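This report summarises the fold and the packing of one protein model. Please examine the sequence and coordinates shown below.

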Amino acid sequence: MLDNLFAQLRVATAPAEIEALQNGIWQVWLATGDAALDKQLEAGMRALQAADFTRAIGVFDELIAAAPHLAEGWNKRATAYYQRGDYRASLADIAETLRREPRHFGALWGQAAILRQLADPRRALRTLKQLETLCPHLPGLREQQLALREQLEDGGAF
């Protein structure tokens, strides 16, 4: 099912279609297949929504310890670290997410955003090129790539 959704995402051009396919993929990623793990993931996501990043990180720590194979546990903890401003920890968890699910467009988009904030346009552009292989018509992708190319041509300064 996931492979089929990604195949459709690669050829989708309409923003509404891309969004629907991404939502379908997120539903698969968020379904752990275990009721207890689902509850834990939901608790961590509620803490994220409440901006209780320390609590969210703790919940995702427990989820990762219980099910280290689940990419979404790592991705959600990366999000919590990012929102707390801990970019290095976020990048480490993004790497773990991508090790488990190399097609994780949310993790790739987040990685590119962090790399831009850390003034690393070359690596950010490489990340966006990876994202482009998954969804070449992702809204905003071309603009981000163009902005990064212009920064690199101007000497990489932000």
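What pattern does the protein follow when read along the sequence? The pattern is α-α-α-α-α-α-α-α-α, with 9 helices and 0 strands (DSSP runs numbered from the N terminus: helices H or I, at least four residues; strands E, at least two).

The model is predicted: local features need pLDDT of at least 70 and side-chain atom pairs pLDDT 80 or more, whereas totals for chains, interfaces and linings use all residues. Residues are numbered from 1 along each chain, and side-chain values use heavy atoms, without hydrogens or water.

| Property | Value |
|---|---|
| C-alpha span along the principal axes | about 50 × 35 × 25 Å |
| Accessible surface (Shrake-Rupley, 1.4 Å probe) | about 8,300 Å² |
| Carbon and sulfur share of that surface | 52% |
| Buried residues (under 20% relative accessible area) | 45% of 158 residues |

Helix α1 (residues 2-11) has L2, L5, F6 and L9 as its buried residues. These lie on the same side of α1, because they cover an arc of only 95 degrees around the axis (directions from the axis to the C-beta atoms). The face turned away carries D3 and V11, which are exposed (over 50%). Cover for the buried residues includes α2 (15-30), α7 (105-117) and α8 (121-134).

The largest nonpolar core (buried Ala, Val, Leu, Ile, Met, Phe, Trp, Tyr and Cys joined through side-chain atoms within 4.5 Å) has 28 residues. F6, L9, I25, I94, F105 and L131 touch the most other members. α7 gives the most to this core, with 6 residues. Beyond neighbours within four places in sequence, the contacts of F105 (heavy atoms within 4.5 Å) include F6, L9, I25 and L131. A second, separate core of 14 residues includes F60, A67, Y81 and A89.

Key. Buried < 20%, exposed > 50% of the residue type's maximum accessible area, 1.4 Å probe, protein only.
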